[in-house]
Amino acid sequence: MSRSCESCKNRLCARKVPIFANLSREELMEIIAMTGHEKYDKGDNIFFEGLEGNTLYIINQGQIKLFKYTKDGKEQILHILSDGDFFGELNLLKGGEYHFNAEAITTAKLCTLTKDKMKSIVLEYPEIGLKIMEVLGERISNLETLAQNLATNEVEVRIANLLLDLEDKYGQETAKGVEMKVPITREDMSNYTGVARETISRKLKKFEEEGIIKLVGNKKIVIIDKDKLKEYS
């Protein structure tokens, strides 16, 4: 992990973040002057569950997974985040320890704001605090959906919902369907859905045979029939 990121320092990385979207260039520059810059390689841990949380992380480039370990030691992915997303915000509001782990799943460039600096920003720009609450509400809703998916025995339901989540975030309309470069491995899919990796591969192949999706290597999926995929969800 590197403590500096020259390409990030010279760009308005904060502009990528929805909570800062309505600020002027001058206001953004004030915030950027407060930020730290870190670079992580694929597989690097950003922090572990149980450590004191006092930093907001903003993703300038790359993908990050947030996850916990189950009682039997298996990894359970909670969120996959990418450019413009942020994490660590809950601890800025209430303090305490991180309740999950964070790991880079690609090379990642992050901007950081300490708890004290973030508090001063929220006091000066109250609308940012409201937007953080909106994001928190959305993430809580996503976790409730994840818990509901994990409670069902229908493997196809879990995988279909994962594909729809990925499509919503990474999908691009093409003549052949909605194409998405999947930022996670089959193992990560397994850890997200609670389904064995071999079963993930088998069910994806089944969806392909039914004409719902097309698999292009391990990192690209084209959703051909979204309506039929939704029938599984």
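The paragraphs below go through the two domains of this predicted model, the sheets, and the interface where the domains meet.

The domain assignment divides the chain into domain 1, covering residues 13-148, and domain 2, covering residues 155-231. Taken over C-alpha atoms, the centres of domain 1 and domain 2 are separated by 26 Å.

We begin with an open sheet of 4 strands whose order is 1-8-3-6 and whose pairing is antiparallel. Strand 1 (36-40) and strand 6 (86-87) are the edges of this sheet, and because each has a single partner strand, one side of each is left without a neighbour in the sheet. Within the sheet, strand 3, made of residues 55-61, pairs with strand 8, made of residues 108-114, in the antiparallel sense over 6 bridges, and in this pairing threonine 55 of strand 3 is placed opposite threonine 114 of strand 8.

A further open sheet, again of 4 strands with antiparallel pairing, has the order 9-10-12-11. Its edge strands are strand 9 (172-174) and strand 11 (213-216), each of which pairs on one side only, and from one strand to the next the twist averages 25 degrees. Strand 11 and strand 12, the latter spanning residues 220-223, are joined in the antiparallel sense by 4 bridges, with valine 216 standing opposite lysine 220 of strand 12. Across strand 9, strand 10 (177-181), strand 11 and strand 12 lies helix 6, residues 155-170, which runs at about 85 degrees to strand 10.

The remaining topic is the interface. There, 12 residues of domain 1 are in contact with 7 residues of domain 2. The size of an interface is often given as the accessible area lost when the parts come together. For domain 1 and domain 2 the buried area is about 960 Å², of which 52% is on carbon and sulfur atoms. On the side of domain 1, the residues that lose the most area to domain 2 are Glu75, Ile77 and Ile80, which together account for 41% of what that side buries.

Polar interactions also cross this interface: 7 residue pairs, both members at pLDDT 80 or more, are found in polar contact between domain 1 and domain 2, and the count of salt bridges between the two domains is 2. Strand 5, residues 75-81, supplies 6 residues, the largest share of the side of domain 1 that touches domain 2. As for individual charged pairs, the side chains of lysine 169 and aspartate 85 meet in a salt bridge, with 2.4 Å from N to O.

Technical notes. Residues are numbered from 1 along each chain as its sequence is written. This is a predicted model: local features need pLDDT of at least 70, side-chain atom pairs count only at pLDDT 80 or more; totals for chains, interfaces and linings use all residues. Side-chain values use heavy atoms; hydrogens and water are left out. Two strands pair if DSSP finds at least two bridges between them. Helices (H or I, at least four residues) and strands (E, at least two) are DSSP runs, numbered from the N terminus. Axes are lines fitted to C-alpha atoms, for helices over the stretch in contact, and angles run from 0 to 180 degrees between N-to-C directions. Contact means heavy atoms within 4.5 Å. Domain bounds come from an automatic or database domain assignment. Buried area is the accessible area (1.4 Å probe) that two parts lose on being put together, summed over both. A salt bridge is a side-chain nitrogen of Lys or Arg within 4 Å of a carboxyl oxygen of Asp or Glu. A polar contact is a pair of N or O atoms within 3.5 Å; within protein, one must be able to donate a hydrogen and the other to accept it, and residues adjacent in sequence count only if both atoms are side-chain atoms.
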